[in-house]
Amino acid sequence: MVRRSVLFSPGDQPDLMRKAPSAGADVVVFDLEDAVAPGQKDGARQAVRAVLSDPEFDPGCEVCVRVNPVGSGAGADVDAVLAGGSSADAVMLPKVEDSEDVETLGRLLAEADAEAPVLALVESARGVLNAQAIAVAGPTDALVFGAEDLSADIGATRTDEGTEVLHAREHVVLAASAAGVDAIDTVYTDIEDTDGLADETRFAAGLGFDGKMAIHPAQVEPINDAYTPAPADVEWAERVLEAKAQADAEGRGVFRVDGEMIDAPLIAQAERVLERAEAADT
């Protein structure tokens, strides 16, 4: 499953939720947390449930629900929106600070007959420092990095260069990679600056992130483009996997492509390139 672009849509606006998949994101997130005012939570839960249960709603992408934090509404969200099963493919949990937060949500989902993979959003100093334990928790399927809340938590000043959160970003990528789960990068808050978004997304991809969050439909295309491999990279990946298949058939564990010795990390890189290329074609 590819998660290049992860687009948020307010949980209290049914029309926007229904339109969100048309933006072309790999994942759409119906947001019951920050996008919904405290007094509108119940109405938002009903709206999300109605969209998810509508047989005419055919998103064609992964659909995720961002619940409220554990201890601050997550249980009510699960009971009202997801209980008894729904068409949600995943659940995003914000303000994750340790593995117990994810395990607790996993139990809530299981008790409600609504088990789903969890995208754990780490956005505090404690959450980032505990990223490794969070990543290996059973329900976790992705680590999601939240730079804005982290900066507020540690008293950092956000800059265009992002040096104040670079160490944290790299730490999240390392934790996700070690656990074999996806790493999703933080939002880019300037909706009008598509060039800046494209540059930052390419930088995040270079760090090892699998995708990036989007807060507006117009951000989806630049993110997807930044994660779309160049034709030369696709051709290289195809040659690698073809050579691997031939080597396997001949019982050889070592082989070359374009004069380069190919090992397991390069094979994994080739597979990722083709997976992203396939996603770009769909």
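**View 1. S9 in strand β1 and the residues around it.** In this predicted model, S9 sits in strand β1, which covers residues 5-10. Setting aside neighbours within four places in sequence, S9 is in contact with L16, M17, A20, V29, F30 and D31. How much of S9 is accessible? Its relative accessible area is 3%, so S9 is buried. One of its contacts, F30, comes back in the next view.

**View 2. The largest nonpolar core and L82.** Here we look at a core of 60 residues, in which F30, L82, L143 and F145 touch the most other members. Helix α8, residues 163-179, gives the most to this core, with 6 residues. As general background, nonpolar side chains tend to be buried together in soluble globular proteins. Which residues does L82 touch, if those up to four places away in sequence are not counted? They are R49, V65, D77, A88, V91, L109, A112 and A114. Charged residues such as R49 and D77 thus appear in this list beside V65 and V91.

**View 3. R45 in helix α2 and its link to D77.** Helix α2 runs over residues 41-53 and holds R45. Is R45 buried or exposed? With a relative accessible area of 11%, R45 is buried. The side chains of R45 and D77 are joined by a polar contact of 2.6 Å. Not counting residues up to four places away in sequence, R45 touches L32, N68, G73, A76, D77, A80 and V81. D77 is also touched by L82, the core residue of the previous view.

**View 4. Helix α4, its cap and its cover.** Residues 99-111 form α4, a helix of 13 residues. From its first C-alpha to its last it reaches 18 Å, close to the 18 Å expected at 1.5 Å a residue. Which residue caps the N-terminal end of α4? It is D98, with a side-chain oxygen 3.1 Å from the backbone nitrogen of E100. Within the helix, D101, V102, T104, L105, G106 and L109 are the buried residues. What covers them includes the helices α3 (74-82) and α6 (131-136), along with the strands β4 (90-93), β5 (118-122) and β6 (140-145).

**View 5. V91 in strand β4.** V91 is found in β4, and at 1% relative accessibility it counts as buried. Leaving aside neighbours within four places in sequence, V91 is in contact with C64, V65, V67, L82, L105, L109, A116, P117, V118 and L119. Among these, L105 and L109 are buried residues of α4. V91 and A114 are 23 residues apart along the chain, and their C-alpha atoms are separated by 9.9 Å.

**View 6. Strand β5 between its partners β4 and β6.** How many residues of β5 are buried? The count is 5 of 5, so the strand is largely enclosed by the rest of the structure. In a regular strand, side chains alternate between the two faces of the sheet. In β5, V118, A120 and V122 point one way and L119 and L121 the other way, and all are buried. The chain crosses from β4 through α4 to β5, in a β-α-β crossover that is right-handed. These two strands, β4 and β5, pair in the parallel sense over 3 bridges, and V91 stands opposite V118. The pairing of β5 with β6 is parallel too, over 5 bridges, and here L121 stands opposite V144.

**View 7. R169 in helix α8.** R169 lies in α8, the helix that gives the most residues to the core of View 2. R169 counts as buried, at 3% relative accessibility. Which residues does R169 touch, not counting those up to four places away in sequence? The list is F145, D185, E200, F203, A204, L207, F209 and K212. R169 and A147 lie 22 residues apart in sequence, with 8.1 Å between their C-alpha atoms.

**View 8. Two loop residues with positive phi, D113 and D258.** D113 follows α4, in the loop between that helix and β5. Its phi is positive, about 55°, although D113 is not a glycine. At 58% relative accessibility, D113 counts as exposed. Where is D258 placed? D258 is in the loop between β9 (255-257) and β10 (260-262). Its phi is near 55°, a positive value in a residue other than glycine, and at 57% relative accessibility D258 counts as exposed.

Definitions and conventions
Residues numbered from 1 in each chain as written. Predicted model: local features only at pLDDT ≥ 70, side-chain atom pairs only at ≥ 80, totals over all residues. Heavy atoms only, no water. Helix = DSSP H or I, 4+ residues; strand = E, 2+ residues; numbered from the N terminus. Expected span 1.5 Å × (residues − 1). Buried < 20%, exposed > 50% of the residue type's maximum accessible area, 1.4 Å probe, protein only. Contact = heavy atoms within 4.5 Å. Polar contact = N/O pair within 3.5 Å; in protein donor to acceptor, adjacent residues only side chain to side chain. Pairing = 2+ DSSP bridges. Right-handed = clockwise from strand over helix to strand, strands pointing away. Core = buried A, V, L, I, M, F, W, Y, C linked by side-chain atoms within 4.5 Å.
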